[in-house]
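This report goes through selected features of one chain and its surroundings. Please keep the sequence and the model at hand.

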Amino acid sequence: VGTVRLAVIPGDGIGPEVVGEALRALDAAVAGSDVAFEQTPFSLGAARYLETGDVLTDDDLAAIKEHDAILLGAVGGVPGDPRLAGANIERGLLLKLRFELDHYVNLRPTVLHPGVSSPLAHPGEVDFVVVREGTEGPYVGNGGAIRVGTPAEVANEVSVNTAYGVERVVRYAFAAASDRPRKRLTLVHKTNVLVFAGSLWKRTVDAVAAEYPDVAVDYLHVDAATIFLVTDPARFDVIVTDNLFGDILTDLAGAISGGIGLAASGNINPDGRFPSMFEPVHGSAPDIAGKGIADPTAAILSVALLLDHLGHPEQAAKVQRAVAADIAERGDMRRSTSEVGDAIVARIGAHD
Ligand code: NAD
Ligand code: IPM
Ligand code: MN
């Protein structure tokens, strides 16, 4: 009920292409309901930076904070472009938003929908969610280099893990596991090598586990987790892990569940102090940008996560059902971005 203020950041490359379809799906999902969205577009990303020199100004950030939620397409230029060296878009825009808006849960559900062909011969029933920590780890920029460009160069990138930061994301993951039918949680880390951070994560999981006797807990080293994601992904229910491991595992999760073009995510601030941000897991895909062939499904499913987060489960379910029905019938069909959008929007609009 009421009007939702939505900040829209289409971004670069295929970002604007997929966000266009996602917004059509959003319109269709809320049509005829008492939920209305008021959109504010933000022109941010590599293209804007190369034109104006601005990545994310204080004014941009303050304006974004005035919204209830954010929909983002993808940001980033062509990898290797010397003008974007230093990852200023990734660090200065995407990660800055995740950090400033305290998106400590990066939620990445993975479902192998019926009818989708997985590259795995025997995937089984794949339905898990990765709860990726979003504000710490090696992402925080706690690093530096000396004697750069000389044979004596030293480059450090230190992973930051705080008791506060680990506990809050682990608590979220247990609550999520407890709400799911299989009630299973897997901690993924690398405790056999990263002993300090690994110990903190392990002790935190053990302590919170005592409060959730209904949740079955296990542990995998991240390298072994990649084996099981390929040989037996059906074993996973909730995976909780740090920022970098979670990044890597979720591209793999996308690949085994029908492709990165289907993988949606939410950067959640569970306290509700700041707007949460919803985006496809994929990037700006410079190799296919401008061709009109990007799959908008991940962006559309991100809209379903957004609706759910904002307390509109019926509208979210409409989007999810429409996508599932489309996926079940798409087979090897080659369609353009807008053809996929048309098909899903038509299904959302149809009475079911
Ligand atoms: P990418 O996800 O953009 O592309 C990887 C591969 O997947 C490419 O072959 C691409 O064509 C394909 N692909 C991605 N999305 C697709 C879709 N919707 N439909 C069909 N195919 C799709 O990853 P990358 O090439 O490593 O990164 C490109 C740029 O995007 C970099 O600047 C990177 O930093 C940035 N990036 C941004 C985000 C984000 O904004 N959230 C996420 C990841 C990468
Ligand atoms: C993602 C992306 C980002 C990340 C990059 C672009 C900073 O790969 O959203 O998965 O590593 O989190
Ligand atoms: Mn990634």
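The text below covers the annotated span, a strand pair, a ligand shell and one loop residue.

The model is predicted. An unreviewed UniProt entry assigns residues 5-344 the annotation "domain: Isopropylmalate dehydrogenase-like". In the model, helix makes up 41% of residues 5-344 and strand 20%. The C-alpha atoms at the two ends of this span are 24 Å apart.

Strands S1 (residues 2-11) and S2 (residues 35-41) run parallel and are joined by seven bridges. Between S1 and S2 the chain passes through helix H1 (residues 15-30), giving a right-handed β-α-β crossover. Within this pair, Gly-2 lies opposite Val-35 of S2.

Which residues surround ligand 2? The shell consists of Gly-76, Glu-90, Leu-94, Leu-95, Asp-247, Val-281 and Gly-283. Helix H4 (residues 88-100) supplies three residues, the largest share of this shell. By residue class, the shell around ligand 2 divides as follows.

| Class in the shell of ligand 2 | Count |
|---|---|
| Nonpolar | three residues |
| Polar | two residues |
| Charged | two residues |

Gly-331 sits in the loop that connects helix H10 (313-330) with helix H11 (337-349). Is Gly-331 buried or exposed? Gly-331 counts as exposed because 9 other C-beta atoms lie within 10 Å, and the cut-off for exposed is 12 or fewer. Gly-331 and Arg-24 are separated by 307 residues in sequence, and their C-alpha atoms are 23 Å apart in space.

Notes:
Residues numbered from 1 in each chain as written. Chains lettered and ligands numbered in written order. Predicted model: local features only at pLDDT ≥ 70, side-chain atom pairs only at ≥ 80, totals over all residues. Near = placed C-beta within 6 Å. Helix = DSSP H or I, 4+ residues; strand = E, 2+ residues; numbered from the N terminus. Nonpolar A, V, L, I, M, F, W, Y, C, P; charged D, E, K, R; others polar. Pairing = 2+ DSSP bridges. Right-handed = clockwise from strand over helix to strand, strands pointing away. Buried ≥ 20, exposed ≤ 12 C-beta atoms within 10 Å, placed from the backbone. UniProt positions renumbered as here; feature names shortened; annotations may be inferred.
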